[in-house]
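Reader: Hey, I'm new to this one. Could you walk me through it?

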Amino acid sequence: MMCGKYLAIPAGALGLTLILLPMSLQAQLMLSFAVLGIMFIGMTRPDNSTFRVITLVFAGIIALRYGFWRTTETLPDITEPLNFIPGFLLYLAEMYCLAMLAISFFMVIDPIKRKTPDMGAAADLPTVDVFIPSYNEDAELLAVTLAAAKSMAYPKDKLNIYLLDDGGTDAKRNHKNPHVSVAAIRRHEQLKALCSAMGVHYHARKQNDHAKAGNLNEGLKVSKGELVVVFDADHAPVRDFLRETVGFFREDEKLFLVQTPHYFLNPDPLEKNLQTFARMPSENEMFYSILQCGLDKWNASFFCGSAAVLRRSALMTTDGFSGQSITEDCETALSLHCQGWHSVYIDKPLIAGLQPETFVSFIGQRARWCQGMLQILILKRPFLAKGLSIPQRICYAGINMFWLFPLSRLAFMFSPLLYIFFSLEIYKANILEFASYAVTYLISSFAMQSYLYGRVRWPWISELYEYVQAVFLFGSIVSVVRNPRKPTFNVTAKGQTLDKSKLSPLATPYFAIFFLLLAAALYSGYRVLTEPVASELLLIVAMWNLINLGLAGAALGAIAERRELRRNQRLPVKRHALMHVDDIIHHVIIQDASSGGVSIEFVDKEPKLDLVNPTIAKVEVRRGGQVINFNVVYRSRRMLDQTAICGFAYSERTPETVMAIAELMYSDQSVLQDRLVRRQTRKNFFWGTSRFALWSLTESLRAIRYSAGLIRESVVQSFEDAPMVLNDNNKVVTASLPAKIAEAGPIHPGAQLYG
C-alpha cells in the first residue's frame, strides 16, 4: 500500500487541476471518456493497491467535475423562489451523496483481512464471561443459544455464561398490571429452570433502566471475567468462536474489541418476498464484508451489539456500556476509541442468528438504528470528538451521516414530479450538458459500485433497500432532530411466522407513491406527444421518473408478504450418524438440521416408516470419544435427485437434545462460510438491470393481486415443535406458581400469559 500512498499525492494534485479547469462541453465529454477508460484499466487489477488508488482518484475526478458543474451552472435563479427552493433542496441532496461517496472511498481504500493469531497455552488464557441479554424471547430460542455458547471450545473453568433476563425483572414481576406481573413471574421461573438445567447463570435485575446497555452493565456487576462476550438472544456461536477471537487480546494490550460479522439463517422481508435468499448476497454483507474491513484499516471498526468480545478493563474506564443513545453498541465503541483503545474486525462468520421476518419488524429495527446513529451524530459529534484521529473522525461521521439517506432518496423520488406536473425548472441543463456531466458521472458511480461492492451487492439493490426504508425513516429523522433524547429502545421481533400471504400493514404509502409515479409517467408521455416542441429537460425528467417508477414497482414486492410457515431455520450439515429403528441400527447421513428436527438420508436400506402412527427412532451422533443421543419422530418423506430424504422432528427437547442441536448446527464454522461464499457472486450491470426491470413488472402485479384478495394457497399440514422438558418428571416447567399468581390478582380469561 506504500506505493499507493505516494501515488495518491501527485494523482490528487492532477485531479484537483482537472476538477477546476474550465473547458467546453466537447472537451468535458472527451475528458470524461478518458477518465472512465483509466478507471476501467485500474479495475482490471482489484487486488493491486496502486491500481486501486488510481481508480478511486479518477472516479473522484468525474464526481467532483459533476459537483463543480452542478454548483456553478445548473441552479435556478434565486429571484425565482418557486424554482430555486426545491432546486436548492435537490442540490443539497446531491451534495450529500457526493460527500458520502468521498467518505466511502476513504473508508474502503485499503480493507484489512486479518489472520487468526494463536490463542496461547490453556493455562494462560483469560477468563471469559458470556452475556446473553434477553427481553421477550421464548425459552426454546434461548435454549439453543445457551447450548451453543456452552459448547464453545474453551477451558470450562474459565468460561461462565449468563442469561441476563430483562423480561423477568423485579419491576416487571411486581408490576401493578396483573397481566404484566404474571407473565414476568412465569417467564422468570421458566428461565431460571432452563438455566439450572443447562448449567449456566440466570440473572434478572431490579429495574429496566437504560434498556440493553443497562442490562449489560448489570451483567458486569455480577461477573468478573477478564473478557466479556456479547451474543444476542438469537445469535448462536460456532464451537470455535473463542479460538478465533481471544488470541488478538494477547497481541495488543490496548485492544478493547474484536467484532465478528452477523450471519443470518433466515431471509429478511425483501429477500423472502422477492425470493432471493441463498441466491443473492444479503443486505448486511456489504457492511460486514467490505465496510467493516475498511474501517478496520483506520482503527474504526465498531461494536455491533453482538458477536463480539470486549476487554472488561477497557469497559470499566467508561463506566461500562454507554446508554445515552439507543444504539449502545456504536456509542460504546466511540467512547473507547476516544480514550485511545483499539478495535479489530474479523471477516469470518462465527455466529448464526435471525433477522426480522415481517416488513413491520424490519422497519422497526431500521428506525431504531437510524434514530440511534443520528443521536450519536447530534449528541456526541464524532467529527469533533477529542481523542480520535482524523481518519476515525471521518469514519464515525460517515457511518452516522449515512442514516440521513432517506432525505436524499425521497428528494430524488419526488423532484421529477415538480417539472412533470407544474413545469418548475429546478435543474437547468440541456441534453448535451446532461450527457457530458451527469450521464458520465452516473456511469462512473455504477462502475465503482460494481468494482468495490459487486461481490456483495447486485445492481439496483442498494437503491431498493434505501427507498423502502426511506418512506418511514423520514419521520424517524424528524423526531430525532426535534428531540435528540426522546427515542427509546424497542426490541426487534424475531422468529415470527405468517400463516398466509398478505399485504403488509405498512403498504398504503408505497401504493400511493407507485400510482403517483405511474400517473406522472403517463402524463409526461402525453406531454412529449402533444407539445409542439418537447423540451430536452422534459425528456430527461421523464426518463428519471421512469426509473423511479421501476424502483417503486419492485418495492411493492417487498411489502407483499409471502407466507412463512417455517418456524425453524435449517443448516446443511452432512453428518454421519447411527439411527436405531425397531431395534435395528441404520447408517444415515444427516443432510440438514434445525432447532425443530433433522433431514435424514439412509445409507443402507430404508426402514419401514409409519406416518399414521409416527415412528419413534433414536439418533446417535459421535464426535471424538463423545456420543450424543436424541429421539426423533418421523414426519415426512421427499425425493431429492432420486434420493429419499426423510424428515424427523425431535420427539422432546430436553437439555441433552438442545446440546445435540448445538453440536449438529454449530460445531463446524465452514458450513456458514461455504453458504456465504456460494451466494457472493458478481452480476454485471446489464444483467442486474434486466432482472430489476422484471421485478418491477412482476412484483407490482403480485402486490396488486394481493390487494384485490386474489391469493390462492393450499393448506399445509404443520406439526407443533416438541415442548421443552426441563425436569426429571418429564413435565414442562412453565408456571406452577399458584401462590405468586394469587398475589398478582385476577387474570382476564383472554390474557396472554407468556412474555
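Author: Sure, here is a chat about its helices, rings, charges and surface. This is a predicted model, where local features need pLDDT of at least 70, side-chain atom pairs count only at pLDDT 80 or more, and totals for chains, interfaces and linings use all residues. Residues are numbered from 1 along each chain as its sequence is written, and side-chain values use heavy atoms, with hydrogens and water left out.

Reader: Cool. How many residues does helix α21 have, and how far does it reach?

Author: Helix α21 (residues 536-559) has 24 residues and spans 36 Å from its first C-alpha to its last, close to the expected 34 Å. The expected span is 1.5 Å times one less than the number of residues. Helices here are DSSP runs (H or I, at least four residues), strands are E runs of at least two, and both are numbered from the N terminus.

Reader: And is α21 enclosed or open?

Author: It's largely enclosed by the rest of the structure, because 18 of the 24 residues of α21 are buried. Buried means under 20% relative accessible area, exposed means over 50%, and partly exposed is in between (1.4 Å probe, protein chains only).

Reader: Switching to rings. How many aromatic pairs are there?

Author: The structure holds 37 aromatic pairs. Rings of Phe, Tyr and Trp (its six-membered ring) pair if their centres lie within 6.5 Å; planes under 30 degrees apart are stacked, over 60 edge-to-face, and the rest tilted. Take F359 and Y510: their ring centres are 5.7 Å apart and their planes are at 80°, so that pair is edge-to-face.

Reader: Where do those two sit in the chain?

Author: F359 is in helix α15 (residues 359-380) and Y510 is in helix α20, 151 residues apart, so to speak a link between distant parts of the chain. Both F359 and Y510 are buried.

Reader: What else does Y510 pair with?

Author: Y510 also pairs with F472, and that pair is tilted, with 5.9 Å centre to centre and 45° between the planes. F472 lies in helix α19 (residues 461-482) and Y510 in helix α20, so this pair ties together parts that are 38 residues apart in sequence. Y510 is buried at 0% relative accessible area, while F472 counts as partly exposed at 28%.

Reader: Which residues form a ring cluster?

Author: Ring pairs link Y66, W69, Y427, F434, Y437 and Y441 into a cluster.

Reader: Which charges sit over rings?

Author: Among them is R527, which lies over the face of Y419 at 5.3 Å from the ring centre. The charged end of K297 sits over the ring of W298, 5.7 Å from its centre. For this, NZ of Lys or CZ of Arg has to be within 6 Å of the ring centre and within 35 degrees of the ring normal.

Reader: OK, salt bridges. How many did the search find?

Author: A search of the whole structure finds 27. A salt bridge is a side-chain nitrogen of Lys or Arg within 4 Å of a carboxyl oxygen of Asp or Glu. One of them joins R70 and E94, at 2.6 Å from N to O. R70 lies in helix α3 (residues 49-73) and E94 in helix α4 (residues 81-107), so the pair ties together parts 24 residues apart in sequence. R70 and E94 are both buried.

Reader: How far apart in the chain are K272 and E561?

Author: K272 and E561 meet in a salt bridge at 3.4 Å, N to O. K272 is in helix α11 (residues 269-274) and E561 in strand β11 (residues 560-561), 289 residues apart. K272 counts as buried at 9% relative accessibility, and E561 is buried at 3%.

Reader: Which residues make a salt-bridge network?

Author: R239, R575, R623 and E663 are linked in one.

Reader: Last topic, the outside. Which residues make the nonpolar surface patch?

Author: F421, F422, L516, Y523 and Y526 make a nonpolar surface patch of about 500 Å². The elements giving it two or more residues are α17 (405-422) and α20 (508-530). Patch residues have over 30% relative accessible area and no salt bridge; like charges are joined within 9 Å, and nonpolar side chains (Val, Leu, Ile, Met, Phe, Trp, Tyr) within 5 Å. Accessible areas come from the Shrake-Rupley method with a 1.4 Å probe, and for residues only the protein chains shown count as cover.

Reader: Which element gives the largest share?

Author: α20 does, with three residues.
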